[in-house]
Amino acid sequence: DAQGTEALPIVLTHRRDDAALGDTFNDGDTLANRYNWETLYLNDGSDASVLRHVEIRYAGDNNGVYGGGEQEALRLTTSNAVLENVRVRDSFSTGIRIQGGSMPTLADVDVRGSGNVPYYIDQSSALDHSGLTGANNAIDGILVDGGNLGGDRLYNNVVLPYYFTTDLTVDAGKILTLAPGTVLKFNDARFLMVNGTLDAQGTE
């Protein structure tokens with residue numbers, strides 16, 4: 001239950017982040033690397049969790065200052081937590097990973113300065129993407145698992161493109177709906193196969 005305010009946000013960060021309540025260790029070392037601590041995990045059973053006006057900084061590595069242990073700064077696994085006004089800053093790898101059928105409520109969530117994509121979402125998570133923004137990441141896009149669509153899906157984020165590194169198939173009886181302004185980007189030689197329904201109605 002982490003409910004800050006706009007004036008008094010809650011911050012989860014590395015011990016060397018002197019921008020958060022000063023130089024804790026009084027060592028004059030103000031350098032905080034984006035790979036200094038690991039991850040906030042919201043796992044099965046965390047459905048009642050609420051994060052409002054929370055900032056997560058310099059996370060995403062389980063190998064400390066040595067690098068090489070890329071993790072998400074925030075990982076939701078089978079969690080339907082509420083995230084509102086959440087900021088992820090300068091993570092070593094992916095900003096937020098949503099997996100395992102997680103259906104969090106997302107509103108005004110922003111990821112900046114991550115070493116990979118800001119968001120990585122698997123096909124089992126049929127959530128509303130409209131409240132996701134980001135900039136200045138290594139790849140500015142929403143990475144979605146390819147494979148077979150896990151059910152009817154709506155892609156409605158018009159701030160960031162959807163990015164696919166593998167093929168995507170819409171099975172018979174499934175509907176993929178693309179909101180006006182949506183952009184899908186595919187890696188080399190990858191395809192979108194529609195055996196069900198593609199509802200892609202843009203505007204001029």
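**Entry 1: R57 and its surroundings**

I began with R57, which I found in strand β4, a strand covering residues 50-57. I was working with a predicted model throughout, and I read each value with that in mind. The relative accessible area of R57 came out at 15%, so I noted this arginine as buried, the cut-off being under 20%.

I then listed what R57 touches, leaving aside its neighbours within four places in sequence, and wrote down V11, L12, T13, H14, D17, A19, A20, W37 and R89. One of these, D17, also makes a polar contact with R57, side chain to side chain, at 2.8 Å.

**Entry 2: salt bridges**

How many salt bridges does a search of the whole structure find? I recorded 9. I looked up three of the pairs in turn.

The side chains of D17 and R57 form one of them, with N and O 2.8 Å apart. This pair links distant parts of the chain, since D17 sits in the loop between β2 (10-12) and β3 (40-42) while R57 belongs to strand β4, and the two are 40 residues apart. D17 has a relative accessible area of 5% and is therefore buried, and R57, at 15%, is buried as well.

For D110 and R89 I noted a salt bridge in which the closest N and O atoms are 3.1 Å apart. Here too the pair links distant parts of the chain, with D110 in strand β8 (residues 105-112) and R89 in strand β6, 21 residues apart. Are D110 and R89 buried or exposed? I have both of them down as buried. I also wrote down that D17, E55 and R57 are joined into one network by salt bridges that share partners.

The third pair I looked up is R75 with E72, whose side chains meet in a salt bridge at 2.8 Å, N to O. R75 is buried, with a relative accessible area of 18%, and E72 counts as buried at 11%.

**Entry 3: two asparagines with positive phi**

Before turning to backbone angles I reminded myself that most residues other than glycine have a negative phi. N85, which is not a glycine, nevertheless has a positive phi, near 55°. I located N85 in strand β6, which spans residues 82-89, and its relative accessibility of 24% makes it partly exposed.

N136 also has a positive phi, about 60°, although it is not a glycine. Where does N136 lie? I placed it in the loop between β10 (132-135) and β11 (142-144), and at 62% relative accessibility I counted N136 as exposed.

**Entry 4: a sheet of 3 strands**

I traced an open sheet of 3 strands in the order β12-β15-β18, and the pairing in it is parallel. Why is one side of β12 and of β18 left without a neighbour in the sheet? Both β12 (147-148) and β18 (192-194) stand at the edges and each has a single partner strand, so one side of each remains unpaired in this sheet. Between β12 and strand β15 (residues 168-170), which run parallel, I noted 2 bridges, and I found T169 of β15 to be the bridge partner of N148.

**Entry 5: a nonpolar patch**

Last, I looked at the surface, where L192, V194 and L198 make a nonpolar patch of about 190 Å². Of these residues I followed up L198, which lies in strand β19 (residues 197-200) and counts as partly exposed because its relative accessibility is 37%.

Technical notes:
Residues are numbered from 1 along each chain as its sequence is written. This is a predicted model: local features need pLDDT of at least 70, side-chain atom pairs count only at pLDDT 80 or more; totals for chains, interfaces and linings use all residues. Side-chain values use heavy atoms; hydrogens and water are left out. Patches are made of residues with over 30% relative accessible area and no salt bridge: like charges are joined within 9 Å, nonpolar side chains (Val, Leu, Ile, Met, Phe, Trp, Tyr) within 5 Å. Accessible areas come from the Shrake-Rupley method with a 1.4 Å probe; for residues, only the protein chains shown count as cover. A salt bridge is a side-chain nitrogen of Lys or Arg within 4 Å of a carboxyl oxygen of Asp or Glu. Helices (H or I, at least four residues) and strands (E, at least two) are DSSP runs, numbered from the N terminus. Buried means under 20% relative accessible area, exposed over 50%, partly exposed in between (1.4 Å probe, protein chains only). A polar contact is a pair of N or O atoms within 3.5 Å; within protein, one must be able to donate a hydrogen and the other to accept it, and residues adjacent in sequence count only if both atoms are side-chain atoms. Contact means heavy atoms within 4.5 Å. Two strands pair if DSSP finds at least two bridges between them.
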